[in-house]
Amino acid sequence: EQTGRLSHLAEILLDMTGLQTVERSDTISLAALTEEVFCDLDPVADKHQIRLIQTEGDCTVTGSYILLYRAVYNLVENAIKYNRPSGSVTVSIHSAESAVLEVTDTGIGISPENQEKIFDPFYRVDKSRSKETGGTGLGLAIVKHIAQVHNASLEVISEEGQGTKILVTFHA
C-alpha cells in the first residue's frame with residue numbers, strides 16, 4: 001500500500017513539473033468539460049451520497065483541455081470528499097468581465113486561517129482525516145499551478161460548517 005502511495009506521489013510530482021510545457025491552445029467549453037468531470041466522478045458522488053449539480057451557463061476559454069479537466073476534477077473531487085452525506089456540489093459558469101467557474105459544496109467549510117494554505121503542497125486542513133479520505137495533499141496545489149499557467153486566479157469563500165465556494169476566474 002505504501003509503495004503504491006509513493007508511486008502515485010511520484011507521478012503527481014512529475015505531472016506538476018511538466019505543467020509549463022503543455023500546449024495551451026485548445027478552445028474549451030467549460031460546461032462541456034464540467035459535464036465530463038461529473039460523468040467521471042458520478043460513482044464517487046453516489047458512494048458518498050452527494051448530488052452533482054451543473055447550473056445553466058457556459059464560457060469558452062483557451063488553454064489545455066487536459067490540464068483544465070484535471071483542475072475541475074480535483075476541485076469537484078475535494079468538494080465531494082469533504083461534504084456531508086446527502087449534500088451537494090454545484091458548478092456554475094458565468095461571465096463577468098472574465099470567465100468564472102464556481103465550485104460550491106455543502107460541506108464542512110474551511111476556517112479563515114486555513115483558506116490561503118489549502119493550495120500549498122501537502123497541506124491538509126484536517127490531518128486526522130488524511131487516511132480516511134486518501135490522496136496526497138497535492139490536489140489543490142495542482143489546481144493552483146494549472147490556474148497560474150492559464151492566467152486564472154483562485155478565490156475561496158468559506159465558513160466552517162457552512163460549505164465552501166472556490167472561484168476560478170480566467171483573466172484575458
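Q: Why does threonine 164 count as buried?
A: This is a predicted model, and in it threonine 164 has a relative accessibility of 8%. Buried means under 20%, so threonine 164 makes the cut. You'll find threonine 164 in strand E7.

Q: How far apart are threonine 164 and serine 111, in sequence and in space?
A: Along the sequence they are 53 residues apart, while in space their C-alpha atoms are 10.0 Å apart.

Q: What makes leucine 30 buried?
A: Its relative accessible area is 1%. The cut-off for buried is under 20%, so leucine 30 counts as buried. Leucine 30 sits in helix H2. Leucine 30 and alanine 99 are 69 residues apart in sequence, with a C-alpha to C-alpha distance of 9.0 Å.

Q: Why is serine 86 called exposed?
A: Look at the relative accessible area of serine 86, which is 61%. Exposed means over 50%, so serine 86 gets that label. Serine 86 belongs to the loop between H3 and strand E4. Phi of serine 86 is also worth a look: near 70 degrees, a positive value in a residue other than glycine.

Q: Why does asparagine 151 count as partly exposed?
A: Asparagine 151 comes out at 42% relative accessibility. Buried needs under 20% and exposed needs over 50%, with partly exposed in between, so asparagine 151 is partly exposed.

Q: Where is asparagine 151 found, and what is its phi?
A: Asparagine 151 is in the loop between H6 and strand E6, just after H6. Its phi is near 50 degrees, again a positive value in a residue other than glycine.

Q: Which residues of helix H6 are buried?
A: Helix H6 covers residues 139-149, and its buried residues are Leu140, Ala141, Ile142, Val143, Ile146, Ala147 and Val149. For the chain as a whole, 46% of the 172 residues count as buried.

Q: How do you know where empty space is left?
A: You roll a probe the size of a water molecule over the atoms, and that shows where empty space is left. Here, a search of the whole structure turns up one cavity of 30 Å³ or more. The largest cavity holds about 90 Å³ of space.

Q: Which residues line the largest cavity, and which elements give two or more of them?
A: The lining is made of Leu30, Leu68, Ala71, Val72, Leu75, Leu101, Val143, Ile146, Ala147, Val168 and Phe170. Helix H3, H6 and strand E7 each give two or more residues. H3 gives the most, with four residues.

Q: How many residues in that lining are nonpolar, polar or charged?
A: The split is eleven nonpolar, no polar and no charged. Ala, Val, Leu, Ile and Phe are among the residue types that count as nonpolar.

Q: Why are H2 and H3 called oblique to each other?
A: Two packed helices are described by the angle between their axes and the distance between the axes. H2 and H3 pack at an angle of about 40 degrees, with their axes 9 Å apart. Angles under 35 degrees count as roughly parallel, and 65 to 115 as roughly perpendicular. The angle of about 40 degrees fits neither range, so H2 and H3 are oblique. Their crossing is right-handed.

Q: How many helices and strands does the chain have, and what pattern does the chain follow?
A: There are six helices and seven strands. Read along the sequence, the pattern is α-β-α-β-β-α-β-β-α-α-α-β-β.

Key: Residues numbered from 1 in each chain as written. Predicted model: local features only at pLDDT ≥ 70, side-chain atom pairs only at ≥ 80, totals over all residues. Heavy atoms only, no water. Buried < 20%, exposed > 50% of the residue type's maximum accessible area, 1.4 Å probe, protein only. 1 Å grid on protein atoms, 1.4 Å probe; cavity = no way out; pocket = protein on both sides within 12 Å on 5 of 7 lines; lining within 4 Å. Points joined across faces, edges and corners; volume = space filled by probe spheres on them. Axes fitted to C-alpha atoms, helices over the stretch in contact; angles between N-to-C directions. Parallel < 35°, antiparallel > 145°, perpendicular 65-115°, else oblique. Left-handed = near helix turned anticlockwise from the far one by under 90°.
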